[in-house]
Amino acid sequence: MEMLSYYFGLMPSEFWNMSYKEVTKFCEANLVRMQDNFKRNIILQEAVTDKMIQADSMNKKPKIIPLRKIFKDLFKDEKVKKI
């Protein structure tokens, strides 16, 4: 927890003066914020590109896959308006 809280910007003196519960809440809130930022970036990229082409040199018929389908676990519990 110590390294994770430092990653999120907590100073060592703040970390050592907080209770375990406060540090846990701080880290959980920052993880939720990171996930929300990731979702927002996916939505933005989907609005710009709308699709991701899955292709390689061995495949002669590339597939076009929506980004929301690739990251379906992130969006399973919410309905996001299409931009």
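Let's start with one atom pair. The side chain of Ser5 reaches the backbone oxygen of Glu2, at 2.8 Å. Keep in mind that this is a predicted model.

Where does Ser5 sit? Ser5 is in helix H1. Is Ser5 buried or exposed? Its relative accessible area is 0%. Buried means under 20%, so Ser5 counts as buried.

What does Ser5 touch? Set aside the neighbours within four places in sequence. Then Ser5 is in contact with Leu10, Phe15, Val23, Phe26 and Cys27.

Stay in helix H1, but go to Tyr7. Tyr7 has a relative accessible area of 62%. The cut-off for exposed is over 50%, so Tyr7 is exposed. So helix H1 holds a buried residue, Ser5, and an exposed one, Tyr7.

Tyr7 also belongs to a nonpolar surface patch. The other members are Met1, Leu4, Tyr20, Leu31 and Met34. The patch covers about 650 Å². Which helix gives the most to this patch? That is H3, with three residues. Helix H1, residues 2-7, and H3 each supply at least two.

Now the aromatic rings. How many aromatic pairs does a search of the whole structure find? It finds four. Take Phe38 and Phe71. Their ring centres are 5.5 Å apart, and their planes meet at 85°. Planes over 60 degrees apart count as edge-to-face, so this pair is edge-to-face.

Why does this pair tie together separate parts of the sequence? Phe38 lies in helix H3, residues 20-49. Phe71 lies in the segment after helix H4, residues 67-70. The pair therefore links parts that are 33 residues apart in sequence.

How open are these two rings' residues? Phe38 has 40% relative accessibility, so it counts as partly exposed. Phe71 is partly exposed too, at 29%.

There is also an aromatic cluster. Tyr6, Phe15 and Trp16 form it. You have met Phe15 already: it is one of the contacts of Ser5.

Last, step back to the whole protein chain. Its secondary structure comes to four helices and two strands. Read along the sequence, the pattern is α-α-α-β-β-α. The chain has 83 residues, and buried ones make up 19% of them. Ser5 is one of the buried residues.

Look at the contacts with a separation of 6 or more. Residues 24 or more positions apart account for 31% of them. The chain exposes about 7,100 Å². Carbon and sulfur atoms supply 59% of that area.

Notes: Residues numbered from 1 in each chain as written. Predicted model: local features only at pLDDT ≥ 70, side-chain atom pairs only at ≥ 80, totals over all residues. Heavy atoms only, no water. Phe/Tyr/Trp six-rings, centres within 6.5 Å; stacked < 30°, edge-to-face > 60°. Buried < 20%, exposed > 50% of the residue type's maximum accessible area, 1.4 Å probe, protein only. Patch = residues over 30% accessible without salt bridge, like charges linked within 9 Å, V, L, I, M, F, W, Y side chains within 5 Å. Areas by Shrake-Rupley, 256 points an atom, 1.4 Å probe, with all protein chains shown as cover. Salt bridge = Lys/Arg side-chain N within 4 Å of Asp/Glu carboxyl O. Polar contact = N/O pair within 3.5 Å; in protein donor to acceptor, adjacent residues only side chain to side chain. Contact = heavy atoms within 4.5 Å.
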